[in-house]
Amino acid sequence: MHKLNIGGLFMIKKETCKNKDFVVIFGKPGSGKGTISSMFCKEEKEMHNLNIISFSTGEYLRKLKQDPKMYKLYKQEFDKMDQGKRVSNKLVIAAVKKAIMDAEDGIIFDGFPRNEYQAKWLYEYLKSIGQNLNSVIILDVPDNEVLRRLSSRKTCPVCGKVYNSDYKSNYCKCGHTLIVRDDDTEFVIKNRLNDYKKYSKEVLSYFKSLSDNIKFYNINANRPKEKVLKDFIRVF
Ligand SMILES: [Zn+2]
C-alpha cells in the first residue's frame with residue numbers, strides 16, 4: 001500500500017503522481033481468482049477506504065457481448081470467446097486501457113495479460129504514465145479440482161449468480177432456471193486449461209525476464225477462500 005504524506009504543497013505534488021497498486025492475478029479457470037479479488041477489494045474499501053478494482057477481462061467482455069451493437073461489431077471475437085479461445089489484442093487492450101484511466105487506487109487484473117504482446121503493452125503503458133506493475137500473484141489448484149469445481153457449476157442467466165456443485169436445485173434463489181454456461185462444459189474447460197497453461201507460461205517468462213522490481217507469489221488455492229484471502233492480503 002502506498003500512503004501519502006500529508007503536508008501542504010508537497011502533498012499536492014505527490015497526489016498528481018500518486019502510486020497506485022497494479023497487480024496481476026493468475027490461476028487456472030475455477031481457481032477462485034474472481035472471488036478472491038472481489039473479496040480483497042471489498043476489504044480494502046472497508047478497512048482503508050481504497051478503491052481497488054478487480055478487472056476481469058472475461059466478465060467485462062461477457063457484459064459487452066450483451067450489447068447488440070458491440071456483438072455485431074465483434075461477433076467473430078465473441079464466438080471465439082464462447083469456444084474458450086482468445087479474443088483479439090485490440091479489443092482487450094481497449095478495455096484495459098479504459099479501466100486503467102478510471103482506476104482510483106489500483107487494479108487487480110484477472111485474465112489479463114494473455115500473451116507476451118499484452119504483457120509488454122501493460123508493462124510499458126504503466127511505465128509511460130508513471131506507474132508500475134507491483135506484483136504477480138498466482139493461485140495454485142490441481143487440474144482435477146478445476147474440473148470438479150467447474151463442470152458442475154450453474155449460472156443464473158437473469159441475475160448472474162453462480163452456484164457450485166454443493167447447490168443441488170436447478171433454480172436460482174431469484175426464481176429463474178439455472179443454466180450451464182457455454183464455457184463451463186467439460187470440453188471447453190479442458191480447452192481453457194490448456195490455453196491457460198500456454199499463456200501463463202508465456203506471460204510469466206516475459207515478466208520474469210524484465211530486470212524490474214516485480215514480485216512473484218504463489219498461493220495454495222486448494223483451501224477455503226478465507227485462508228486464501230488471508231495469504232492474498234499478506235502478499236499484496
Ligand atoms: Zn438469479
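## Overall fold

Of the contacts in the protein chain with a separation of 6 or more, 70% are between residues 24 or more positions apart. Keep in mind, as you look around, that this is a predicted model. The protein chain holds 10 helices and seven strands, and 26% of its 236 residues count as buried.

What about its overall dimensions? Along the principal axes, the C-alpha atoms of the protein chain fill a box of roughly 60 × 35 × 35 Å. A compact globule of 236 residues would have a radius of gyration near 18 Å, and the 19 Å of the protein chain agrees with that.

## Confidence

The mean pLDDT of the protein chain is 87, with 92% of its residues at 70 or more. Residues 1-15 deserve some care, as their pLDDT is below 50. Beyond near neighbours in sequence, this stretch has 10 contacts in the model.

## The nonpolar core and strand β1

A good place to start inside the protein is the largest nonpolar core, which has 31 residues. Val-24, Ile-25, Ile-108, Phe-109 and Leu-139 are the residues with the most contacts inside this core. Strand β1 (residues 21-27) gives the most to the core, contributing five residues.

Ile-25 is worth a closer look. Setting aside residues up to four places away in sequence, Ile-25 touches Ile-108, Phe-109 and Asp-110, as well as Ile-137 and Leu-139, and also Lys-33 and Ser-37. Ile-137 is also the bridge partner of Ile-25 in β4.

## Strand pairing around β4

β4 pairs with two strands described here. With β1, the pairing is parallel and runs over five bridges. With strand β7 (residues 215-220), β4 again pairs in the parallel sense, over six bridges. On the β7 side, Leu-139 stands opposite Ile-219; Leu-139 is also among the residues with the most contacts inside the largest nonpolar core.

## Gly-106 in strand β3

Gly-106 is found in strand β3 (residues 106-110). Because 22 C-beta neighbours lie inside 10 Å, Gly-106 counts as buried; the cut-off for that label is 20 or more.

Who are the neighbours of Gly-106? Leaving aside those within four places in sequence, Gly-106 is in contact with Lys-20, Asp-21, Phe-22 and Ile-52. Ile-52 is 54 residues away from Gly-106 in sequence, yet their C-alpha atoms are 4.7 Å apart in space.

## Helix α9

Helix α9 covers residues 186-209, and its 24 residues should span 34 Å at 1.5 Å a residue. The C-alpha atoms at its ends are 34 Å apart, so the model agrees with the expected span.

Four residues of α9 can be picked out by burial: Ile-189, Arg-192, Val-203 and Phe-207 are its buried residues. What covers them includes α7 (116-128), β4 (135-140) and α8 (143-151).

## Two backbone details in loops

The peptide bond joining Phe-112 and Pro-113 is cis, with omega of about -5°. You will find Pro-113 in the loop between β3 and α7.

Another loop, between α2 (33-48) and β2 (52-56), contains Asn-49. Although Asn-49 is not a glycine, its phi is positive, at about 55°. Is Asn-49 buried or exposed? Asn-49 is exposed, because 8 other C-beta atoms lie within 10 Å, and 12 or fewer is the cut-off for that label.

Technical notes. Residues are numbered from 1 along each chain as its sequence is written. This is a predicted model: local features need pLDDT of at least 70, side-chain atom pairs count only at pLDDT 80 or more; totals for chains, interfaces and linings use all residues. A nonpolar core is a set of buried Ala, Val, Leu, Ile, Met, Phe, Trp, Tyr and Cys residues joined through C-beta atoms within 7 Å. Two residues are in contact if their C-beta atoms, placed from the backbone, lie within 7 Å. The expected span of a helix is 1.5 Å times one less than its number of residues. pLDDT is the predictor's confidence in each residue, from 0 to 100. The radius of gyration is taken over C-alpha atoms; the globule rule is 2.2 Å times the number of residues to the power 0.38. Two strands pair if DSSP finds at least two bridges between them.
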